[in-house]
Amino acid sequence: MTISTNETALAASAVATRAIHAGQEPDPTTGAVVTPIYMTSTFKQDGVGSLRHGYDYSRSINPTRNSFDAQLASVEGAKYALSFSSGLAAIDVLLRATLRPGDAILLGNDVYGGTYRLLAKVFVPWGIGLDVVDVTDPAAVSAALAAKPHGHYRYIWVETPSNPMLGITDIAATAAIAHEHGTQVVVDNTFASPILQHPLADGADAVVYSTTKYIGGHSDVVGGAVLLNDDETREQVAFLQNAAGAVPSPFDSWLDIRGLKTLDLRVRQHSRNALKVAQWLETLPADLVERVWYPGLESHPGHGIAARQMHGGFGGMVSVQIAAGFEAAKRFAGATQVFTLAESLGGVESLIEHPGAMTHASVAGTTLEVPANLIRLSVGLEDADDLIADLDQAFKAI
Ligand SMILES: Cc1ncc(COP(=O)(O)O)c(C=O)c1O
């Protein structure tokens, strides 16, 4: 990836500016302002091994993908971004590139079900140790690390806010404890997005994203990314990215580029809408709502940390426990008319789901199991009052 002088100047500008301009040099042939979709698998060589600007084959390198990687790295304030064909592909490659049999991971006790499934069903059988801890509790993290020899855990895996309970982990405090014990910290920053939270600046060693969510932002692309500052880890991840090949298509990268340009605006509005929805849910009587989970609410146990660690909002995700239990929660999820019943999150349209039966079905029966009466809302960019009216009529329908 070449960084032009324009990009060096950009590094000092605000995130909204970087999101629109970083990695977005007008096309050198035509001047096209928008990065073209370089839908080509291969590139003409001017002689054997004589490549034009380093391009040979699109699994290894593609101009549209490079453009997105440069844009995302700039928005994150990271040295490197490497993009993948899904969030799980990004996680898989980061771990496979850097772990060896006998290494171990300390996993937060509330994470995306697919992350747990990958670790427990694929990595553990290949000889990776896996233990689970409440990462929101620094004393529990310290105790877990101290119980094993220095460096036993290669990584602590943190989601903050976590999926689906919206738990908040203090990234800087966790990194300080982890580093004392020879352990690195990976933060899955999918819920916060690079607009609200900067884990690398707070001391984390790697960041992963499902770009399928807020970064793509329109529920029309599946993708992932690994963000790093460390040169050696970047080499390892880039090697396996090419060697194994789970790269995004040029069209995927183009959709991510377009999404990322408006991320700043969108995430701030998602956060405003989600706060309004969460505050309204909290006003409902105890026979309707058992508990609302949103880090922007003062009732949230991690609110103080989130207010310090997240900048400009608390994100668009709200979880709510329905007082009448499992069956009522399922009926509620099926009764909304503006919120669409679907997995995923982070798109412009509001989505509703039942984690226990949908996104987190794979953690049933484990220490990560989620409450049966839990409903997860991805609060979109519709008018907040329309969203509240929709939830209100759904409560009446259960
Ligand atoms: C927090 C989190 N991380 C990772 C993933 C996996 O991403 P993908 O579905 O793009 O593979 C998801 C998917 O829902 C997620 O919510």
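Strands E11 and E12 run antiparallel and are joined by three bridges. In this predicted model, Ile352 of this pairing stands opposite Leu377 in E12. E12 has a further antiparallel neighbour, strand E9 (residues 317-322), and five bridges connect E9 to E12. Within that contact, Gln321 has Leu374 of E12 as its bridge partner.

E12 itself is mostly covered, with five of its five residues buried. In a regular strand, side chains alternate between the two faces of the sheet. Here Leu374, Arg376 and Ser378 point one way, while Ile375 and Leu377 point the other way, and all are buried.

The set that points with Leu374 and Ser378 includes a charged residue, Arg376. What does Arg376 form with Glu353? The two are joined by a salt bridge, in which the closest N and O atoms lie 3.2 Å apart. This pair links distant parts of the chain: Arg376 belongs to strand E12 (residues 374-378) and Glu353 to strand E11 (residues 351-353), with their positions 23 residues apart in numbering. The strands that carry these two side chains are the antiparallel pair described at the start. Is Arg376 buried or exposed? Arg376 counts as buried because its relative accessibility is 2%, and buried means under 20%. Glu353 also counts as buried, at 1% relative accessibility.

By the rule applied here, the count of salt bridges comes to 10. One of them joins Asp170 and Arg308, with 2.8 Å between the closest N and O atoms. This pair, too, links distant parts of the chain: Asp170 sits in the loop between strand E4 (153-159) and helix H7 (171-180), Arg308 sits in helix H12 (residues 303-309), and they are 138 residues apart. The two ends of this bridge fall into separate classes of accessibility. Asp170 is buried, with a relative accessible area of 16%, whereas Arg308 is exposed, at 54%. The class of Arg308 follows from the cut-off, because exposed means over 50%.

A salt bridge within a single helix is formed by Lys396 and Asp392, whose side chains meet at 3.0 Å, N to O. Both residues lie in helix H14 (residues 384-397), four residues apart, which is about one turn of the helix. Lys396 is exposed, with a relative accessible area of 64%. Asp392 counts as partly exposed, at 28% relative accessibility. By contrast, the bridge between E11 and E12 has buried residues at its two ends, Arg376 and Glu353.

How values were computed:
Residues are numbered from 1 along each chain as its sequence is written. This is a predicted model: local features need pLDDT of at least 70, side-chain atom pairs count only at pLDDT 80 or more; totals for chains, interfaces and linings use all residues. Side-chain values use heavy atoms; hydrogens and water are left out. A salt bridge is a side-chain nitrogen of Lys or Arg within 4 Å of a carboxyl oxygen of Asp or Glu. Buried means under 20% relative accessible area, exposed over 50%, partly exposed in between (1.4 Å probe, protein chains only). Two strands pair if DSSP finds at least two bridges between them.
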